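I opened a fresh page for this one and wrote down what I looked up, item by item. Here are my notes, in the order I made them.

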Amino acid sequence: MATWKSRGLRGSTLEDLINRTNERYLEGGLCLVQKIPTPITPIKIDQSTRHITLAYFEQKSTVDYIGAVQGIPIAFDAKECAKDTFTLANIHPHQVNFMESFEKQGGVSFFLLHYTERDELYYLRFSKFMEFWNRMLEGGRKSFRYEEIERDFILKHHPGILVPYLDGINLDLSLRE
């Protein structure tokens with residue numbers, strides 16, 4: 001059983017931005033996307049703050065978000081990357097299997113990466129991710145570099161939309177046609 005020890009706000013900034021974006025998209029009638037909580041069992045609770053400080057995961061998580069955009073099912077995971085190299089160890093095989101099955105059922109799977117040093121958001125298509133994943137499985141690099149990403153999928157800022165991932169979905173779908 002995996003255990004979890006609180007690391008403060010690690011990754012929460014990106015999730016907060018995505019959650020606020022999801023609210024705006026919902027208000028506009030564009031999509032319905034929900035954060036999927038990871039089920040945990042608390043082990044230690046700080047009685048003064050009532051915060052969980054140690055817990056174990058009850059089951060393996062799949063993705064961070066799932067929903068529908070204009071009738072198209074979507075599933076995605078959000079990751080932060082401090083440097084220009086993203087380590088594939090941050091993605092687990094059960095997540096890849098879930099996203100692959102999701103795609104086979106007609107859904108769109110992807111990763112949202114925040115390159116924190118560059119302050120850039122990147123939409124990583126599942127098919128592009130699989131190129132990196134398969135390279136690793138064949139004995140190649142266990143990571144990918146910023147230079148390898150598809151520049152068209154760097155998300156541009158929009159007024160009022162903090163993480164404009166619908167732009168990435170539109171481009172992703174256009175390349176599938």
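**Helix α3**

I began with the length of helix α3, residues 126–137, bearing in mind that this is a predicted model. At 1.5 Å a residue, its twelve residues should span 16 Å. I found the end C-alpha atoms 16 Å apart, so the expected span and the model agree.

Next I asked which residues of α3 are buried. My list reads Phe126, Lys128, Phe129, Met130, Phe132, Trp133 and Met136. I then looked for what covers them, and the cover includes α2, β8 (108–115), β9 (120–125) and β10 (143–145). As for placement, α3 lies across β8 and β9 and runs at about 80° to β9. Just after the helix I noted Gly139, which takes a positive phi of about 95°.

**Strand β9 and its partners**

Since β9 turned up under α3, I looked at this strand next. β9 is mostly covered, with five of its six residues buried. On one side I traced an antiparallel pairing with β8, held by six bridges. Within that pairing His114 stands opposite Leu121 of β9. The two strands form a hairpin with four residues between them, and in the turn Asp119 has a positive phi of about 50°.

β9 also pairs with strand β11, residues 154–155, in the antiparallel sense over two bridges. Here I wrote down two facing pairs: Tyr122 stands opposite Ile154, and Leu121 stands opposite Leu155. Leu121 therefore comes up twice in my notes, facing His114 in one pairing and Leu155 in the other.

**The whole sheet**

In what order do the six strands of the open sheet run? I read β2-β5-β6-β8-β9-β11, with mixed pairing. β2 and β11 stand at the edges with a single partner strand each, so one side of each has no neighbour in the sheet. I also checked α2 against this sheet: α2 lies across β5, β6 (72–81) and β8, at about 150° to β6.

**Helix α4**

I ran the same kind of length check on α4. Its twelve residues should span 16 Å at 1.5 Å a residue, and the end C-alpha atoms are 17 Å apart, which agrees. The buried residues of α4 are Tyr165, Leu166, Gly168, Ile169 and Asp172. They cover an arc of only 155° around the axis, so they sit on the same side of α4. A reminder to myself: an α-helix has 3.6 residues a turn, so residues three or four places apart point the same way. On the face of α4 turned away from the buried side I found the exposed residues Asn170 and Leu175.

**Salt bridges**

My count came to twelve salt bridges, and I followed up a few of them.

One of them joins Glu103 and Arg176, whose side chains meet at 2.9 Å, N to O. This pair links distant parts of the chain, with Glu103 in helix α2 (residues 93–104) and Arg176 in helix α4 (residues 165–176), 73 residues apart. Glu103 is partly exposed at 21% relative accessibility, and Arg176 is partly exposed at 38%.

Another joins Lys35 and Asp64, at 3.9 Å, N to O. They are 29 residues apart: Lys35 is in strand β2 (residues 31–35), and Asp64 is in the loop between β4 (51–57) and β5 (65–69). Lys35 counts as partly exposed at 30% relative accessibility, whereas Asp64 is buried at 13%. Salt bridges that share partners join Glu15, Lys35 and Asp64 into one network.

Are the partners in the bridge between Lys79 and Asp77 buried or exposed? Their closest N and O atoms are 3.2 Å apart. Lys79 counts as buried, because its relative accessibility of 18% is under the 20% cut-off. Asp77 is buried too, with a relative accessible area of 1%.

**Thr87**

My final entry is on Thr87, which lies in strand β7 (residues 85–87). Thr87 counts as partly exposed at 37% relative accessibility. Leaving out residues up to four places away in sequence, Thr87 touches Lys142 and Ser143. Thr87 and Ser143 are 56 residues apart in sequence, yet their C-alpha atoms are 4.3 Å apart in space.

Note on methods
Residues numbered from 1 in each chain as written. Predicted model: local features only at pLDDT ≥ 70, side-chain atom pairs only at ≥ 80, totals over all residues. Heavy atoms only, no water. Salt bridge = Lys/Arg side-chain N within 4 Å of Asp/Glu carboxyl O. Buried < 20%, exposed > 50% of the residue type's maximum accessible area, 1.4 Å probe, protein only. Expected span 1.5 Å × (residues − 1). Contact = heavy atoms within 4.5 Å. Arc of directions from axis to C-beta. Pairing = 2+ DSSP bridges. Axes fitted to C-alpha atoms, helices over the stretch in contact; angles between N-to-C directions.
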